[in-house]
Every structure is written in structure tokens, then in C-alpha cells.
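Let us take a walk through a protein chain together, looking at the links that hold side chains to one another. Keep the picture at hand as you read.

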Amino acid sequence: SPPAAAEPRHASSAAPRRLRDRLRGAARPAAPPAHTAPGSRPQVRGAEPSSTAPAAARDTQAPSRFDYERFQQSLRHPPRGRRPPEDPETQARRMKVKEMMKFAWDNYKQYALGKNELRPLTKNGHIGNMFGGLRGATVVDALDTLYIMELEEEFQEAKKWVEKSFDLNVNGEASLFEVNIRYIGGLLAAYYLTGEEVFKSKALELGEKLLPAFNTPTGIPRGVINLGRQDTRSPFCPCSGMSWSWGWASAGSSILAEFGTLHLEFLHLSELSGNPVFAEKASTSQLLLNKVEKPQGLYPNFLSPVTGNWVQHHVSIGGLGDSFYEYLIKSWLMSDKKDSEAKRMYDDALEAIEKHLVKKSAGGLTYIAEWRGGILDHKMGHLACFSGGMIALGAEHAAEEKKQHYMDLAAEITNTCHESYARSDTKLGPEAFRFDTGSEAMATRLSERYYILRPEVVESYMYMWRLTHDPKYRQWGWEAVKALEEHCRVEAGFSGIRDVYSTTPTHDNMQQSFFLAETLKYLYLLFCEDDVLALDDWVFNTEAHPLPINHTNFKAKAGVQ
């Protein structure tokens, strides 16, 4: 088999292997209008700039100044915590995760600096075509992890690369979703943690390049944006980059987890720039989804950016749907619990999910099935395992009579995901596991046996530990650390494996950037005190980049950048 490519979030159990292969390739434009000239780049119907676009996008650097000092003072805890003495075992485990991060970074720096990911077996870099010509995905994804772990020298190396080598003048087809969660999320988090202006300016410049994706009849963005087609001479819009839907997406639809996973980052882009355009664009999706009829109260994964109607009735809490739900509860938390609409949408969605999708296996394992037009598919993807942590986070703020119920549900789902690890030979979990063939919490198809250093299971361990302090979650996390060391650590980094049920697994030769952004960060936080990136100061975007809760309005009333 060829080496694995960098994996998009949605190259998941929700998608067959052929879909994953298409995701790894370039996005395919939707059918061009009939008048498109032969040989020219097709423009998607409905992607013309709206009449309000010029004024909104022209002046992203508004004459307001973000008050970083006031923001710092508003934090209830230092981001790295105060580090009181801990038991030696927990400290040693935290230091082990820190060593793993340094090992992953040092090998990336040696063999692949500036490329998007490290190929650790062949000791070279991988660029891929998911980021539209952008480079250094691992650098940007790793910035906040390096900072939180106090890997000072390594953080300075990463910062220097961003300052000197991170070029945004690229021409290529990028995933709006992936660029947002990895690059913009990583740059925003690095700015909020350090106050270094280079991170803020890069985030705002890149954010502007994403705005043309929203130029659709509904305001729902298309999935792919050409970062290089920014015609500043256009009298209609200074950001006339072109966008289109993924070629594999049904009937030119947009993906729920993509257009529904912009809110956190885009609100912060408006906060830092003083320009409301980002927040307005991201809020369009919430407004539309509020109005559209939802089958059984559920949100299907595909929606037309032209008509605003659902295209297919496929519902998944894993790939294609996952982070939409996560961003509802986190939008409410990030607003300091003021965005009541997001909270209501989250509560209603969770109620529908529990009613229609949450099931218990014959062996007593609670899982979240997928829904295809009313027919249940009794499987969970690794990506869906984030939901234990999400439900626990929401339970903290649920109605009093429902708090314990949701904490119990979160614990049951997290236990099921742990079982998917415990029942494999490597003690790492498969990409998807099923409950319909006699075996439970195990992959039953060859195409679902792989593990690509994904974070969702340890993410839920971290939340469950923070919210319950049950020591089993730290123990489960340590089991994952040992399994990663035994089966994924190679001479020059960490690699995914192709079969979790083989004690001598074949490596896929890819150190995913999210391994440094998410997996190692969540494991490190699992062994930290609760005041390190405290949950009452920060929410994590879906790439584990910490963004601050808006305790107050940090913007100065006057002043020029």
C-alpha cells in the first residue's frame, strides 16, 4: 500500500475508502455554468459576490485596538497554571508525554521543517493538497502545545518559521474547514497565549482569504476555496477568490461539520480585527439551521448552499457531523454563556440524538449509531468518541435534574470507546467499530482496522478527568501512552498503523499534524493540574487549539493599530 496521506478530519468511518481517497486528492469543482468558456476555471453557480461583500471585506483592519493586557488580566488562571506539587507518578507521566512531544517535533524539524507533515519511515516531508499551497501545518498546529509544555527553545523555532517562512501568497485549492481549524485556530491560540503580533496578523490575513467561500445564495460556505484567486482590482469585491463544493459531496452540497465548525475562530477574528464581517459570516449558518426543518429533530450531514435544504438524510455524530455539535455548546461557553440560541440548539440536538441514536449493545455497551433515512447503522467511528467529553462538558451546565443523567451518559460512551482500545491487540482503537455482528466495540471490516494517531478517545479522557477526577481516566490515558510508544514510535517520529489487531503492525509512514496539536496536548493536560488551560478560561477548537472565553470586552474604545 502507498504511504497514507495527511488525513482530513472527515476521512472517517462515515466515509468509504473511495471517499477517503478522493479527500486525499484535489477537490473536484461542481459542474460549471453553460456559458463557461472552454479551458477556463469553472465558476460555481451562486458563487457570485453578494452586493454587501465589498464594504464588509474591504477593511478587515478596523481602527480599533485589541487590549491584550486587559485580556490577560481577565484570565482567572495563568495559562500554564501555578503548578502546585503533585504526586511523583503523575509528574513522571506528564514529563513522558512532554518527551514524546519533543521527539515528534525534533524529528519533524530535522527531516520535514516547512512541509506539512513528517514521513518518519522515509525521513522526509509531505505536502499534500488539502491546504491550498500553504506549508508548515505541523508548525502551526504545534505552536500552542510547545508553549503549554514549556518547550521554550522549540516554541521559538516554530515562531521563527512563522515569522520568516510562512507564506500566505499561495495559489491552490484548500479545504475551508481544515485551514480554519488548523491554521487559523493554531495562530489565534498562539496569539492569545503569547501576545506575539505576528500570529494575530497572519490569522487575520488568512481569514480574509477564506471569505469568498461564503459568497453563495444562502451564505452557507462551500467546502473548497482557491486561496490564490484573490483579485484585488475587482470593483465588486476585494476578495473574489473562487469556491466550490467537494466533488464527492452529494449534489454539490456543503458538509454540516465543515460549515458548522467556523463559529469559534471567526468570532475571534472579528474580536481581534474590529471587523464584524467574520462573525456575521459564521453566524449565517446558525441562523439558517435554526429555521430549516430537521427530520426527527436531527441534523443531516449534507445541505445545499444554493437552496438551504437538506440533500441527504444521513446523520452522524462521527465524521461529517461531529464538530457541528461540539461548536454549539462551545459557542455558548465562549460567549460567557450569553449565546442562548447556541445552547438551545445544542440541548435540542442532544435530546434528539439520545432519543434516536443512542443504543445499548447486548453486552451492555452504550454507543451512538448512525442514521440513514430512518435506518440505523450500528457502528461508531473513532471520530465520534469525542462525544463523551462533549456531553460531559454540556452536563456541567445542564438543568439540575438532567446533570447526573448526562454525566452518566458521557461516562458510558467514554467507556465504550475505551473498550475499542482494550479489545485490540495493540491497545489502540480502530477507525470504526461495530455492534451488529456478534462482536462488540471491534472493527469487523479490514478497511476500518487502522489507527492514524487520532485524539478523540484521549480527548474524552481529559474532559472526564477534569469533570469527575475519577482516577481511571488517567490510568486509561497512560495505557494509551504506552501503546503509542510500543506500536507507533519509530526511529524518526511517530507513525499511524494499518491494523490495530496485529501485534506486528505495518506503519503508514505519516506523523499527522493533529498528533502534535491534539493527541499529545490532551494527554499532557490529563496529567496536569486543572488550572493549566483551565476550562473556565478556555474552550478548545476541534483541533485542540485553546481560544479564550469572552469574560469581558477586551477591545479598547479608541486607538489605531
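Is E448 buried or exposed? With a relative accessible area of 6%, E448 is buried. Keep in mind that this is a predicted model, and then look for the partner of this side chain. E448 forms a salt bridge with R434, and their closest N and O atoms are 2.9 Å apart. The two residues come from distant parts of the chain, 14 residues apart: R434 sits in strand β15, while E448 is in the loop between β15 (432-434) and α16 (456-468). R434 is buried too, at a relative accessible area of 2%. The pair also belongs to something wider, for salt bridges that share partners join E370, R372, D377, R434 and E448 into one network.

What lets such pairs form? Side chains of opposite charge can pair when their charged atoms come close. In this structure the count comes to 32 salt bridges, and two further ones are worth a visit.

One of them is between R182 and E543, whose side chains meet with an N to O distance of 3.9 Å. R182 lies in helix α7 (residues 176-194) and E543 in the loop between β18 (538-540) and β19 (546-548), so this bridge ties together parts that are 361 residues apart in sequence. R182 has a relative accessibility of 1% and counts as buried. E543 is likewise buried, at 1%.

Another salt bridge brings together R80 and E152, at 3.0 Å from N to O. Find R80 in the loop between α3 (68-74) and α4 (88-112), then E152 in helix α6 (residues 152-165); they are 72 residues apart. Here the surroundings of the partners can be set side by side. R80 counts as buried because its relative accessibility is 18%, and the cut-off for buried is under 20%. E152 is partly exposed, with a relative accessible area of 37%.

Now turn to a link of another kind. The structure holds 1 disulfide, which joins C385 to C417 with an S to S distance of 2.1 Å. C385 lies in the loop between β14 (379-381) and α14 (387-395), and C417 in helix α15 (residues 400-422), so the disulfide ties together parts that are 32 residues apart in sequence. The link is left-handed, with -90° about the S-S bond. C385 is buried, at a relative accessible area of 1%, and C417 is buried at 1% as well.

How values were computed
Residues are numbered from 1 along each chain as its sequence is written. This is a predicted model: local features need pLDDT of at least 70, side-chain atom pairs count only at pLDDT 80 or more; totals for chains, interfaces and linings use all residues. Side-chain values use heavy atoms; hydrogens and water are left out. A disulfide is a pair of cysteine sulfur atoms within 2.5 Å. Helices (H or I, at least four residues) and strands (E, at least two) are DSSP runs, numbered from the N terminus. Buried means under 20% relative accessible area, exposed over 50%, partly exposed in between (1.4 Å probe, protein chains only). A salt bridge is a side-chain nitrogen of Lys or Arg within 4 Å of a carboxyl oxygen of Asp or Glu.
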